[in-house]
Amino acid sequence: MSFSKKVKEELFKVIPKSRHCMVAELAGIITLHGIDSLEHDSNDVLNRKVFTLLNKTLNIGKDVTAFNGDVLFETRKMLKLSDDNTSVDELVLQQPCCKRAFIRGAFLAAGSITDPNKGYHFEIVCFNDKQADLIIRAMSAFYVEAKQVERNGKIVVYLKEGAQIVEALRIMEAAHSVMELENIRIVKEVRGTINRKVNCETANISKTVSAAVRQIEDIKLIDEKLGLDTLPVQLQEIAQIRLDYPDTPLGDLGQYLDPPIGKSGVNHRLKKLAAIARELR
């Protein structure tokens, strides 16, 4: 089962406690999915939730599972639907809890989330700008800043940041999905940190090895052209130590001298050797 489907399975089971929140969730489902689509849809789970909420708000009876004339009339009246059934009066979304329910309904009707192991993307596909604007403003009440883009003639409200998607799931009351996504985010963050450290260490090792190779080449060139015994004692010592310990970092190389010297002292002497080698080339 995909992550998106898991989220919806969890949200189908969430039933608001207050009638006004049930109305708001119905508004989200019906305006984003469409009454005609609900009547001919194969999504039995979504239909069951719609008629469960309608029974609790309008007392239509548990056996009613289709929009007959009376049910349709009462539903449109209760939700304050526009003539085309694609928008509602904002009075339906006055309270924060109603905004929460409306977002949940909109997501159940037209939303999806990509597999968070592959990337972070949350979206709700709207019929028009008015729907998108209503969803964006509802989310902003909870400090979730959604954006919108046009795609195939429709408006898509979307989130791209993991933390914002977690908050959106929290708003919709998908508690188990929040925990699952947070666990995935933690694992990805730890892996990212480890990879960055490994890459950094690899780069440092590569840099150290490259520097050592150049230093050894310089020393061999000097030995071939002049002979190391022609160098000052300090340069002879560091040249021999570098040849004896080709893989040792500069900070440790100076400890083999008597008396020991620090990294800057080693670096200074090796630079002198490099300057001599440049003149010989």
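## Two unusual backbone spots

Let's begin in a loop: Lys80 sits between helices α5 and α6. The model you are looking at is a predicted one. In it, Lys80 has a positive phi of about 55°, although it is not a glycine. With a relative accessibility of 42%, Lys80 counts as partly exposed.

Asn59 is another residue to find here. Its phi is also positive, about 55°, and Asn59 is not a glycine either. The residue belongs to the loop that runs between α4 (44-58) and α5 (69-79). Asn59 counts as exposed because its relative accessibility is 66%, and the cut-off for that word is over 50%.

## How the chain is divided

The chain splits into domain 1, residues 3-173, and domain 2, residues 205-280. Between the C-alpha centres of domain 1 and domain 2 there are 71 Å.

An unreviewed UniProt entry adds a label of its own: it annotates residues 194-277 as "domain: Sporulation regulator WhiA C-terminal". In the model, this span is 75% helix and 0% strand, and its end C-alpha atoms lie 40 Å apart.

## A stacked pair of phenylalanines

Now for the rings. A pair of aromatic rings is described by the distance of the centres and the angle of the planes. How many aromatic pairs does the count give? The count comes to two. One of them joins Phe107 and Phe122, which are stacked with 5.3 Å from centre to centre and 15° between the planes. This pair links distant parts of the chain, since Phe107 belongs to helix α6 (residues 96-110) and Phe122 to strand β2 (residues 122-126), 15 residues apart.

Are these two rings buried or exposed? Phe107 has a relative accessibility of 0%, so it counts as buried. Phe122 also comes out at 0%, and therefore counts as buried too.

## A stacked pair of tyrosines

The rings of Tyr245 and Tyr256 have centres 3.9 Å apart and planes at 10°, which means that this pair is stacked. It too links distant parts of the chain: Tyr245 is in the loop between α10 (233-244) and α11 (250-253), while Tyr256 is in the loop between α11 and α12 (263-280), eleven residues away. Tyr245 counts as partly exposed at 30% relative accessibility, and Tyr256 counts as partly exposed at 41%.

The loop between α11 and α12 also holds Pro259. The peptide bond leading from Asp258 to Pro259 is cis, with omega near 0°.

## Lysines over rings

Two lysines are worth a look beside aromatic rings. Lys8 lies over the face of Phe107, 5.6 Å from the ring centre. Lys188 has its charged end over the ring of Tyr120, at 4.2 Å from the centre.

## Nonpolar cores

In soluble globular proteins, nonpolar side chains tend to be buried together. Here the largest nonpolar core has 64 residues. Which of its members touch the most others? They are Leu54, Phe122, Ile124, Ile135 and Leu169.

Phe122, which we met in the stacked pair with Phe107, is a good place to zoom in. Leaving aside neighbours within four places in sequence, the contacts of Phe122 include Phe107, Ser112, Ile113, Met139, Val157 and Tyr158. Also among them are Leu159, Ile165, Ala168 and Met172. Apart from the largest core lies another one, made of 17 residues, including Leu221, Leu235, Ile241 and Leu253.

Definitions and conventions. Residues numbered from 1 in each chain as written. Predicted model: local features only at pLDDT ≥ 70, side-chain atom pairs only at ≥ 80, totals over all residues. Heavy atoms only, no water. Phe/Tyr/Trp six-rings, centres within 6.5 Å; stacked < 30°, edge-to-face > 60°. Helix = DSSP H or I, 4+ residues; strand = E, 2+ residues; numbered from the N terminus. Buried < 20%, exposed > 50% of the residue type's maximum accessible area, 1.4 Å probe, protein only. Lys NZ or Arg CZ within 6 Å of the ring centre and 35° of its normal. Domains from an automatic or database assignment. Core = buried A, V, L, I, M, F, W, Y, C linked by side-chain atoms within 4.5 Å. Contact = heavy atoms within 4.5 Å. UniProt positions renumbered as here; feature names shortened; annotations may be inferred.
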